[in-house]
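The following briefing concerns the structure shown below. It is arranged by topic and intended for consultation alongside the coordinates.

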Amino acid sequence: MVTFVDRVTLHLSAGKGGNGCVSVKREKFKPLAGPDGGNGGHGGDIILVSDPQVTTLLSYHHSPHRSAGNGGFGMGDHRSGAQGEPLELQVPVGTVVKDETGEVLVDMATPGIRFVVAPGGQGGLGNAALANPKRKAPGFALLGTPGWEGDVQLELKTVADVALVGFPSAGKSSLIAAISAARPKIADYPFTTLHPNLGVVQAGDARYTVADVPGLIEGASEGKGLGLEFLRHVERCTALVHVLDCATLEPGRDPISDLDVILAELAAYPVPEGQIPLLERPQLVALNKLDVPEAKELADLVRPELEQRGFRVFDISTVSRDGLRQLTFALGEIVEEHRAALAAAPAPERVVIRPQGTKKDFEIRVEGGTYGNIYRILGDKPVRWVQQTDFQNEEAVGFLADRLEKLGVEDGLFKAGAQAGSTVVIGAGDGIVFDWHPSLGSAAELMTAPRGTDPRLDLNPRRTTSQRRDRYHERMDAKAEARAELESERIAATRGEDEDES
């Protein structure tokens, strides 16, 4: 049974925005008192919150699909739709959030960080909000836009002051159990520790956390064993303790060779930009299992070489607890010095975001197609406007044409070489495809057509009664002319026969 998870993929679906409402206020003696359709509610966001009380991503491993609430529809009498319920997801401190491509979105290294990982959709405007002096009674409303949908990767990197590193079965779990209240699984076989264990150590006035992480073997930086699972949890530690087994029975192993392998793997692991390389951090060596007589002799042999390399060496035994006090106090001094240095460091410069110059709101790409060029329009505004448009409503389509024309899309299409009848696509992928007709200019101030229609568009092929009547009269007149012509030809032919007889 899985009890610890430090990497998971979340499938997120933010709330959809509610549609705006089309409504006209009707009162006694005021049958048409103006538009009063309310706006749709915004969809709920999905927010990640770093919580120190959460220590694992296990709940997201079992339930990776999460969604926020949808916004409510607008209603008449200027009533707006309800806002979608946001969803807050608590994650452990030290969680790194990445997108599908592996790019880091945010590093939640401190408690209380809030990050909107999936923004909700925007609610559509009702016809009351769309009314203006030129369009006093809109017969349409804007639709709500969909919320963000996609996958994100959560990767937990343990936040601890000290990391215990060493070969499997070197005694790291026994050490953290001896110096703290942590109770990790302890056994006499390799890779007993499959996930990091945290313990809190009190050494005099110093209080710090120690991480016992999965064992390290040669090739760990290339992913062998539990290497990458191990090394990821060492990145954030202030100091390292090399736990060396002085009582190992494996052939070809000794404390010096074990240390060389560990140092090589630490050097090969690249830390994120801005962090101190692992080998440049304070390092101590703990010669473990000295309660075994042979181990004591081996420790006396290797201690001079380790001290010559510059390491501070401690002889310890997790069974008899010899040397643990000296080790914990030495680690406490290192951690306190590091904290004091951080406190004395100048505060990071505040980032001031200044307004940029006018940026282009859209981009036109010319793509080759089977039947000619295709002109693709990309940009947040055009795509969002298309999502908000009800294409069953002629007036809404005309409003979209007005917005695109004011944005400069028509001028851009002209410059790109588009002609009347060219295929235009708005958005990536399939998008919205239509034939471009540059004659659709803004004419909201000239509209006299019924609400919900646009005289510039001929999207409705159904003829009106007057059109059918005119067409009927045209056919009758054409038939009368044809009969008159036949009659004149018959009379002319009769006269010709009479003249021949005479």
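## Briefing on the predicted model

Aspartate 477 is found in helix H11, which covers residues 465-501. The model is a predicted one. Aspartate 477 also belongs to a negative surface patch, whose members are Asp477, Glu481, Glu485 and Glu489. The structure holds 18 salt bridges, and several of these are set out below together with the annotated positions, selected C-alpha separations and two backbone angles.

**Negative surface patch**

- The patch is formed by Asp477, Glu481, Glu485 and Glu489 and is negative in charge.
- Aspartate 477 has a relative accessible area of 47% and is therefore partly exposed, since the partly exposed class runs between 20% and 50%.

**Salt bridges between separate elements**

- Side chains of opposite charge can pair when their charged atoms come close.
- Glutamate 88 and arginine 114 form a salt bridge in which the closest N and O atoms are 2.7 Å apart.
- Because glutamate 88 lies in strand S4 (residues 87-91) and arginine 114 in strand S7 (residues 114-118), this pair ties together parts that are 26 residues apart in sequence.
- Both partners count as partly exposed: glutamate 88 has a relative accessibility of 37%, and arginine 114 has one of 49%.
- A salt bridge also joins the side chains of aspartate 315 and arginine 303, with an N to O distance of 2.3 Å.
- This second pair links distant parts of the chain, 12 residues apart: aspartate 315 is in strand S14 (residues 312-315), and arginine 303 is in helix H6 (residues 293-308).
- Aspartate 315 counts as partly exposed at 24% relative accessibility, whereas arginine 303 is buried, with a relative accessible area of 18%.
- The cut-off for the buried class is under 20% relative accessible area, so the value of 18% places arginine 303 within that class.

**Salt bridge within a helix, and a network**

- Arginine 339 forms a salt bridge with glutamate 336, and the closest N and O atoms of the pair are 3.3 Å apart.
- Arginine 339 and glutamate 336 both lie in helix H7 (residues 324-344), where they are three residues apart, about one turn of the helix.
- Arginine 339 is partly exposed, with a relative accessible area of 32%, and glutamate 336 is also partly exposed, at 34% relative accessibility.
- A network of salt bridges links Arg7, Lys98 and Glu155.

**Annotated positions**

- An unreviewed UniProt entry carries the annotation "binding site", which covers Ser173 and Thr193.
- Serine 173 is found in helix H3, which covers residues 172-179.
- At 9% relative accessibility, serine 173 counts as buried.

**C-alpha separations across the chain**

- Leucine 164 lies in strand S9 (residues 162-165) and is buried, with a relative accessible area of 1%.
- The C-alpha atoms of leucine 164 and histidine 242 are separated by 6.3 Å, and the two residues are 78 residues apart along the chain.
- Leucine 198 is placed in strand S10 (residues 197-203) and counts as partly exposed at 48% relative accessibility.
- Between the C-alpha atoms of leucine 198 and valine 159 the separation is 9.1 Å, with their positions 39 residues apart along the chain.

**Positive phi values in loops**

- Aspartate 77 has a phi near 60°, which is a positive value in a residue other than glycine.
- The loop that holds aspartate 77 runs between strand S3 (65-67) and S4.
- With 46% relative accessibility, aspartate 77 counts as partly exposed.
- Lysine 289, likewise a residue other than glycine, has a positive phi near 65°.
- Lysine 289 is located in the loop between strand S13 (283-288) and H6.
- The relative accessible area of lysine 289 is 24%, and the residue is partly exposed.

Terms used:
Residues numbered from 1 in each chain as written. Predicted model: local features only at pLDDT ≥ 70, side-chain atom pairs only at ≥ 80, totals over all residues. Heavy atoms only, no water. Patch = residues over 30% accessible without salt bridge, like charges linked within 9 Å, V, L, I, M, F, W, Y side chains within 5 Å. Areas by Shrake-Rupley, 256 points an atom, 1.4 Å probe, with all protein chains shown as cover. Salt bridge = Lys/Arg side-chain N within 4 Å of Asp/Glu carboxyl O. Lys, Arg positive; Asp, Glu negative; His and termini not counted. Charge placed at Lys NZ, Arg CZ, Asp CG, Glu CD. Helix = DSSP H or I, 4+ residues; strand = E, 2+ residues; numbered from the N terminus. Buried < 20%, exposed > 50% of the residue type's maximum accessible area, 1.4 Å probe, protein only. UniProt positions renumbered as here; feature names shortened; annotations may be inferred.
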